[in-house]
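I opened the notebook to look up a few local features in this structure. My entries follow in the order in which I checked them.

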Amino acid sequence: EETGKKEKQQQQQQEHGMALFVLSLKSDFDRIDQCQASIDDMKMNLVDVLDLHLYRISLRSFKSNTIGNAKMCHALLLRDVQQQAMKIVNAMNDKFGQYYDTISKWPKTVEEFDHQMHAVDLFDKTVGNLGSQLIKLNHVVCGLEERAFVPSERDFRNIWKCKGWPKRLTEARDKCMKSAPGHRERFEEELEQQQKMFFAELRRLRESFLDITKKGPTQWSESDQVYTSIQVLQQRLLQASDESDQIRKRCEVLGLTFDMAGGGSSSSLSLIELRTHVKPFLELWQGVTTWRRYQPEWIDGPFLELNSDTVADYIRQCWRDMYRLIRVFNNDLFHEPVKVGERLKKAVEEFKLYLPLMNKLRNVDLRPRHWKEVSKELGVQIKVDRTLTLRMLLANGSMEAMETISDISQTAHGLVDPKR
């Protein structure tokens with residue numbers, strides 16, 4: 001009922017628009033006819049020579065200019081109406097030309113085929129709109145022909161092309177409907193092959209994931225390669241997900257069903273489950289890779305270049321991440337990743353003991369005299385330059401002298417703080 005009301009309302013709007021167009025066009029033609037009538041009157045009533053008693057006045061130039069101006073005005077009015085006709089023609093050729101291309105071209109993909117079928121479903125509505133436009137065009141063209149207006153050859157060809165749209169569109173629609181079953185059969189075969197390739201890739205993804213779950217502490221030194229392989233797997237899963245969405249949409253177009261599991265066993269992980277399960281492994285091996293990259297720099301790199309706050313933030317966050325990931329892997333019964341997480345968590349806990357020392361000795365308020373006090377406490381001369389490392393400080397018993405080092409750092413901070 002609502003559809004019928006909308007269609008009736010649209011029809012009333014079209015009729016109202018047509019009535020307004022006809023009235024406007026009639027007004028334009030009335031002006032043209034009045035101008036032509038004025039030209040005819042001037043030709044009949046204006047004389048070439050005017051006799052006034054003893055004088056004879058030539059009016060040929062005046063007559064010629066007056067009639068010429070009227071003819072120019074008449075031609076301009078006709079041209080304005082012709083431009084209205086060409087606006088209709090150009091709009092129709094653009095709109096219906098695109099529609100014709102849509103329903104007449106050979107669809108290369110299921111998406112193009114679906115778009116073509118939707119266009120065919122709108123054929124009656126489109127052709128109905130075409131009819132109203134042709135009626136407007138005929139009103140203009142007939143009025144111009146009655147007034148002996150001759151369009152240019154280009155305009156004539158465009159008008160003729162425009163009038164041929166109903167036949168061309170109908171032929172294209174019939175041809176499209178006739179070839180649709182063949183296209184559908186072709187796309188069903190292509191979709192079947194695409195599904196086979198997708199399911200084969202899904203099986204390979206499951207195998208790759210199972211291989212990742214078996215990576216343990218023995219691959220610790222190869223964490224870069226493991227992390228890269230998980231990144232590649234994640235990218236493949238993302239591509240497979242896009243492929244799955246495309247297959248599902250194409251199946252909907254063709255009225256087919258799509259089994260996401262790919263005929264696998266009930267215990268096989270789905271694509272969504274694979275994407276979810278791979279994330280913790282990515283975090284785990286990223287953490288191992290990051291630790292193996294920065295831990296040597298913190299231990300053997302220049303101690304004076306260490307940012308104790310940044311190191312502390314990383315250590316705390318890494319510990320929290322490993323604690324969470326170990327629980328995840330335990331729940332999913334992935335034993336090897338649990339061992340990796342526990343190893344990294346233990347390494348982080350051991351390094352965490354050095355954070356207070358780093359914090360105290362990386363105090364910006366420490367001066368050379370304070371370092372001399374530290375050297376005296378450790379019983380060894382500390383050379384405060386780029387050669388100083390955390391490993392050296394630990395080897396010289398810095399952890400055992402932590403209480404004294406803390407007092408020295410606090411004293412240095414207290415001496416500088418009031419001046420600030």
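**Entry 1: a helix start**

I began with Ser-308, keeping in mind that the model is predicted. Ser-308 lies in helix H9, which covers residues 308–331. Is Ser-308 buried or exposed? I found a relative accessibility of 12%, so Ser-308 counts as buried. Next I asked which residues Ser-308 is in contact with, leaving aside neighbours within four places in sequence. I noted Met-358, Asn-359 and Arg-362.

**Entry 2: the hairpin and its patch**

I then turned to strands E1 (49–52) and E2 (55–58). They run antiparallel, and 4 bridges join them. The two strands form a hairpin with 2 residues between them. In the turn I checked His-53, which has a positive phi of about 55°. Across the hairpin, Leu-52 stands opposite Tyr-55 in E2.

I also looked up a nonpolar surface patch here, of about 620 Å². Val-47, Leu-50, Leu-52, Leu-54, Tyr-55 and Ile-57 make this patch. E1 and E2 each supply at least two of the patch residues. I picked Leu-50, placed in strand E1, for a closer look. Its relative accessible area is 34%, so I logged Leu-50 as partly exposed.

**Entry 3: aromatic pairs**

How many aromatic pairs does the count come to? I got 17. I took Trp-291 and Phe-351 as my example: the ring centres are 5.8 Å apart and the planes stand at 90°, so I recorded the pair as edge-to-face. The pair links distant parts of the chain, 60 residues apart. Trp-291 is in helix H8 (residues 271–300), and Phe-351 is in helix H10 (residues 335–352).

I checked burial for both. Trp-291 is buried at a relative accessible area of 6%. Phe-351 is buried too, at 3%. Both rings belong to one aromatic cluster, with Tyr-294, Trp-298, Tyr-314 and Tyr-354.

**Entry 4: Leu-344**

I stayed in helix H10 for Leu-344. Its relative accessible area is 0%, so it is buried. What is Leu-344 in contact with, leaving aside neighbours within four places in sequence? I listed Trp-220, Gly-287, Val-288, Trp-291, Cys-318 and Met-322. Trp-291 is thus a contact of Leu-344 and a member of the aromatic cluster. I also took the C-alpha separation from Leu-344 to Arg-386, which is 29 Å for 42 residues along the chain.

**Entry 5: salt bridges**

My search of the whole structure gave 21 salt bridges. One of them joins Glu-111 to Arg-250, with the closest N and O atoms 3.0 Å apart. Glu-111 lies in helix H3 (residues 110–121) and Arg-250 in helix H7 (residues 223–254), so this pair ties together parts 139 residues apart in sequence. Glu-111 is partly exposed at 37% relative accessible area. Arg-250 counts as buried, with 14% relative accessibility.

I then looked at Arg-236 and Glu-201, which meet at 3.2 Å, N to O. Arg-236 lies in helix H7 and Glu-201 in helix H6 (residues 165–213), so the pair ties together parts 35 residues apart in sequence. I logged Arg-236 as partly exposed, at 23% relative accessibility.

Asp-211 forms a salt bridge with Lys-215, where the closest N and O atoms are 3.9 Å apart. Asp-211 is partly exposed, at 39%. Last, I noted a network of salt bridges that links Asp-33, Glu-146 and Arg-147.

Methods:
Residues are numbered from 1 along each chain as its sequence is written. This is a predicted model: local features need pLDDT of at least 70, side-chain atom pairs count only at pLDDT 80 or more; totals for chains, interfaces and linings use all residues. Side-chain values use heavy atoms; hydrogens and water are left out. Patches are made of residues with over 30% relative accessible area and no salt bridge: like charges are joined within 9 Å, nonpolar side chains (Val, Leu, Ile, Met, Phe, Trp, Tyr) within 5 Å. Accessible areas come from the Shrake-Rupley method with a 1.4 Å probe; for residues, only the protein chains shown count as cover. A salt bridge is a side-chain nitrogen of Lys or Arg within 4 Å of a carboxyl oxygen of Asp or Glu. Buried means under 20% relative accessible area, exposed over 50%, partly exposed in between (1.4 Å probe, protein chains only). Contact means heavy atoms within 4.5 Å. Two strands pair if DSSP finds at least two bridges between them. Rings of Phe, Tyr and Trp (its six-membered ring) pair if their centres lie within 6.5 Å; planes under 30 degrees apart count as stacked, over 60 as edge-to-face and the rest as tilted.
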